[in-house]
Amino acid sequence: MAINVKEIMDSIQLTARTENDFGERKPYSTEYSSRRINVYKEQPQLVIMGAGSYGKKICSILSMEGLEDRIVCLCDNSISRQGTKYNGWNIYSPQQAYEKFPKAMFIITPKGFEDEMIRQLVHLGVDIEKISTFILAYK
């Protein structure tokens, strides 16, 4: 009997999906992401570190969870993104974000650079307890 990996993976993704209060699919909804979102609901301020497509997806997810008012800004190491806005949120350098929001929780958007991002934030003075990694469960 041949095993079809794509069918198995599609089944796992389908099983992991739940619906929000409006009947919309939430493909990121896993036990892991639910725990992360519950932690973020306890934080008065959230900074998204990474203003690329991954960071924007996290902003969308948090907005769907009703946390858009807690996102105070995005930050990015790319100079071309700094000083711009995304959906009304300012995009700062990580240092500027920390200076403006020193008590915020920083949510990093890993894509292979999480160790560097964590080291950078700790070097700036961000408490390690205020750094969170959010790994999306889909592409």
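Here are some exercises with worked solutions on a predicted model of a protein chain.

**Exercise 1. Find out how many helices and strands the protein chain has, and how they follow one another.**

Start by counting: the chain has five helices and eight strands. Next, walk along from the N terminus, and you meet them as α-β-β-α-β-α-β-β-β-α-β-α-β. Now look at contacts between residues at least 6 apart in sequence: 63% of them join residues at least 24 apart.

**Exercise 2. Work out the strand order of the open six-stranded sheet, and name its edge strands.**

Go across the sheet strand by strand, and you get β5-β6-β4-β3-β7-β8, with mixed pairing. Then check the ends: β5 (85-86) and β8 (131-133) each pair on one side only, which makes them the edge strands. Zoom in on β4 (residues 71-75), which runs parallel to β6 and is joined to that strand by two bridges. In this pair, Cys 75 sits opposite Tyr 92 of β6.

**Exercise 3. Decide which strands the helices α2 and α5 touch or lie across.**

Take α2 (residues 31-41) to begin with: this helix lies across β3 (46-49), β7 (105-108) and β8. Compare directions, and α2 runs at about 155° to β8. Move on to α5 (residues 114-124), which packs on the sheet and touches β3, β7 and β8. The direction of α5 makes about 160° with that of β7.

**Exercise 4. Are Cys 73 and Cys 75 in a disulfide, or in no disulfide?**

Step one is the cut-off: a disulfide needs two cysteine sulfur atoms within 2.5 Å. Step two is the distance: from Cys 73, the nearest cysteine sulfur is that of Cys 75, 6.0 Å away. Turn it around, and the nearest cysteine sulfur to Cys 75 is that of Cys 73, again 6.0 Å away. So neither Cys 73 nor Cys 75 is in a disulfide. In fact, the structure holds zero disulfides.

**Exercise 5. Buried or exposed: sort Cys 73, Cys 75 and Ser 93.**

You need one cut-off here: buried means under 20% relative accessible area. Cys 73 has 0%, so Cys 73 is buried. Cys 75 also comes out at 0%, so Cys 75 is buried. Ser 93 has 13%, which is still under the cut-off, so Ser 93 counts as buried too.

Where is Ser 93? Look in the loop between β6 (89-92) and α4 (94-100). Leaving out residues up to four places away in sequence, Ser 93 touches Cys 75, Asp 76 and Gln 82.

Finish with the whole chain: 37% of its 139 residues count as buried. As for the outside, the accessible surface comes to about 8,500 Å², with 51% belonging to carbon and sulfur atoms.

**Exercise 6. Describe the largest nonpolar core and say which element supplies the largest share.**

First, the size: this core has 20 residues. Among those with the most contacts inside it are Tyr 40, Ile 48, Leu 74 and Phe 134. Second, the suppliers: α2, β3, α3 (53-64), β4, β6 and β7 each give at least two residues. The largest share is five residues, and it comes from α3.

Third, pick out Phe 134 and check its neighbours, again skipping residues up to four places away in sequence. Its contacts include Tyr 32, Tyr 40, Ile 58, Ile 107 and Pro 110.

Last, note that there is a second, separate core of 15 residues, which includes Cys 73, Cys 75, Leu 121 and Ile 131.

Terms used
Residues numbered from 1 in each chain as written. Predicted model: local features only at pLDDT ≥ 70, side-chain atom pairs only at ≥ 80, totals over all residues. Heavy atoms only, no water. Buried < 20%, exposed > 50% of the residue type's maximum accessible area, 1.4 Å probe, protein only. Helix = DSSP H or I, 4+ residues; strand = E, 2+ residues; numbered from the N terminus. Contact = heavy atoms within 4.5 Å. Areas by Shrake-Rupley, 256 points an atom, 1.4 Å probe, with all protein chains shown as cover. Pairing = 2+ DSSP bridges. Axes fitted to C-alpha atoms, helices over the stretch in contact; angles between N-to-C directions. Core = buried A, V, L, I, M, F, W, Y, C linked by side-chain atoms within 4.5 Å.
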